[in-house]
Structure formats: structure tokens, C-alpha cells
Amino acid sequence: MAKHEVDDMTRQPGTAQWTYPIAPLLPAVIIRRAGEADLAGLMKVEEDCFGSERFNPEVVHAFLVRDNAFVLVGVEEGEFVGSAMALYSDEVSEGKIASIAVLRRCRGQGIGAELLRECENIFRAHNLSRYSLEVETVNEPAIALYTSRGYHRKGIIDDFYGLGRHAYCMEKMAGIRKGDSVKPS
Ligand SMILES: CC(C)(COP(=O)(O)OP(=O)(O)OC[C@H]1O[C@@H](n2cnc3c(N)ncnc32)[C@H](O)[C@@H]1OP(=O)(O)O)[C@@H](O)C(=O)NCCC(=O)NCCS
């Protein structure tokens, strides 16, 4: 998701509803819904994963408090090791992954996949028909993550992340699980 898309989120904060229990992941990593008290820890994950391109705290806060958004955090021994931010619209029946991030030192252990799975569980609880996201065309690990979990490339947006930095729009229809065959576009 590009920064301009989330600017509006800071204008209409609502009261978040934490409705869905989060299942335990790996023995040492728990994924749970994040709340406002987690903002500082989430910003550390943003810094580690995105550096100068991180969301600013106001944007992360908006994801935490808006009714149609949520944030998940992966916690290992009290430390945040990953996060996911998402939005959804019941009206258009779509869930959108805005960001999935795992600390550099914790990658390759299945945490990103679990964060994605829990986002989809929440989308599924809302009976959303389709899940979508944007990802930079050169972000091979993220593209591999999404493709392996049933997302397909629906289109491309030129200069989405800045001049010369394009994004794939990826989409998955509800009901497609890991291992399902997805026709490349
Ligand atoms: C993308 C990211 C979240 C993946 O997290 P992760 O915890 O390392 O991923 P996982 O260990 O759960 O791997 C899940 C799948 O991703 C793919 N994958 C992960 N890392 C990969 C790599 N370096 N190369 C190729 N594929 C990779 C694999 O398909 C893997 O599936 P498998 O384990 O069934 O083979 C992580 O690399 C990250 O935080 N990147 C920086 C932030 C970012 O770019 N986020 C995406 C923004 S849209």
C-alpha cells in the first residue's frame, strides 16, 4: 500500500473492536491482535523492515484504532518479531493487506506466512469475497510468499512506490488455500 492511500486513515479514528482470538503459532511465537499500547513496539518492526520507507506513527496508530482495520503482531519472548496491517470493506467485500513485516533476523521461519494466515482468518470471519494487496515488482520474498498462498497477479501499477518502482496488484478469492493451483498472469 502506498503512503498516499493511508493518509486519510488518520482523519477518522474510531474505536477498534478486538473480536477474533488469535491461535498460537510456533512454540515460541504468538500472534495476537495489537492495540494502541503496542505502537512503540510496532514502530521498531517498521524501522527494521522498511527503514526510511516505514509508515509514520500516525498511520500505524490509524490502523490500530479504525473499525475497519487491524494490526497483528508476532511476539517471541516479549519481543515483537513481526507485524501485519490490514483494512477491509464489508461493502465491497474486500480485505486488503497493507503490510506484512518480519524482523530480518527472524525471517524464513514461517512467521510471515502465519501473519498472512491470521489476516485471512479475520477476512474470512467477515465473509469477504476477495483479498488483495500491492507488492513491489522486485520484492521476490514477498511475491513468493503471496504466490505460494494462492495470490495471483492481477495487474501492475507503474511508479506506485516512486518513480520507476512499480507494484503488482495481487488478489486471492476467498476459499483458495495454500497448495491450490493458481494460473500465472
Ligand atoms: C516478505 C516477508 C514478510 C516474509 O516473511 P518470512 O517470515 O521470512 O516468510 P516465511 O518464512 O513465512 O515464508 C513463507 C513463504 O514466503 C516465501 N519466502 C520467504 N522468504 C523467501 C525468500 N527469501 N526467497 C524466496 N521465497 C521466500 C516462501 O514461499 C515461503 O513459503 P514456504 O516456507 O512454504 O516455502 C519478509 O521477507 C519481510 O518482512 N520482508 C520485508 C518487508 C516486506 O517487504 N514486506 C512485504 C510488503 S508487501
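Visitor: Which residues are the closest to the ligand, and how many surround it?

Guide: In this predicted model, 20 residues surround the ligand, the closest being Arg107, Gly112, Ala113, Ala144 and Leu145. A residue is counted as near the ligand because its C-beta atom, placed from the backbone, lies within 6 Å of it. Strand E4 (94-102), helix H4 (111-125) and helix H5 (140-148) are the elements that give two or more residues to this shell. H5 gives the most, with 6 residues.

Visitor: What is the make-up of the shell around the ligand by class?

Guide: The shell has 11 nonpolar residues, 7 polar residues and 2 charged residues. Gly counts as polar in this scheme.

Visitor: Why is strand E3 described as largely enclosed by the rest of the structure?

Guide: A residue is buried if 20 or more other C-beta atoms lie within 10 Å of its own. In E3 (residues 79-89), 8 of the 11 residues are buried, and the strand is therefore largely enclosed by the rest of the structure.

Visitor: What makes E3 a paired strand, and in which sense does E3 pair with E2 and with E4?

Guide: Two strands pair if at least two bridges are found between them. Strand E2 (residues 69-76) and E3 are joined in the antiparallel sense over 8 bridges, with Gly74 bridged to Gly82 of E3. E3 and E4 are likewise antiparallel over 8 bridges, and the bridge partner of Ser83 in E4 is Ala101. Both pairings therefore satisfy the requirement of at least two bridges.

Visitor: In which order do the strands of the sheet lie, and which are the edge strands?

Guide: The open sheet has 7 strands in the order E1-E2-E3-E4-E5-E7-E6, with mixed pairing. Strands E1 (29-33) and E6 (152-157) are the edge strands, since each pairs on one side only. From one strand to the next, the twist averages 25°. At the E1 edge, E1 and E2 pair in the antiparallel sense over 5 bridges; Arg32 has Val73 in E2 as its bridge partner. H5 packs on the sheet, where this helix touches strand E5 (130-136) and strand E7 (167-173), and the direction of H5 makes about 160° with that of E5.

Visitor: Which residues of the largest nonpolar core touch the most other members?

Guide: Val71, Leu72, Ala84 and Ala86 do, in a core of 41 residues. Among the elements that give two or more residues to this core are helix H2 (39-50), helix H3 (57-65), E2 and E3. E3 gives the most, with 6 residues. Leaving aside neighbours within four places in sequence, Val71 is in contact with Ala34, Leu42, Phe63, Leu64, Ser83 and Met85. In soluble globular proteins, nonpolar side chains tend to be buried together.

Visitor: How do you know whether Glu77 is buried or exposed?

Guide: The cut-off for an exposed residue is 12 or fewer other C-beta atoms within 10 Å. Glu77 has 8, and so Glu77 is exposed. This residue is placed in the loop between E2 and E3, and its phi is positive, about 45°, although Glu77 is not a glycine. The hairpin of E2 and E3 has 2 residues between the strands.

Visitor: How does Asn127 count, as buried or exposed?

Guide: Asn127 has 9 C-beta neighbours inside 10 Å and therefore counts as exposed. Asn127 is placed in the loop between H4 and E5. Its phi, near 55°, is a positive value in a residue other than glycine.

Terms used
Residues numbered from 1 in each chain as written. Predicted model: local features only at pLDDT ≥ 70, side-chain atom pairs only at ≥ 80, totals over all residues. Helix = DSSP H or I, 4+ residues; strand = E, 2+ residues; numbered from the N terminus. Axes fitted to C-alpha atoms, helices over the stretch in contact; angles between N-to-C directions. Contact = placed C-beta atoms within 7 Å. Core = buried A, V, L, I, M, F, W, Y, C linked by C-beta atoms within 7 Å.
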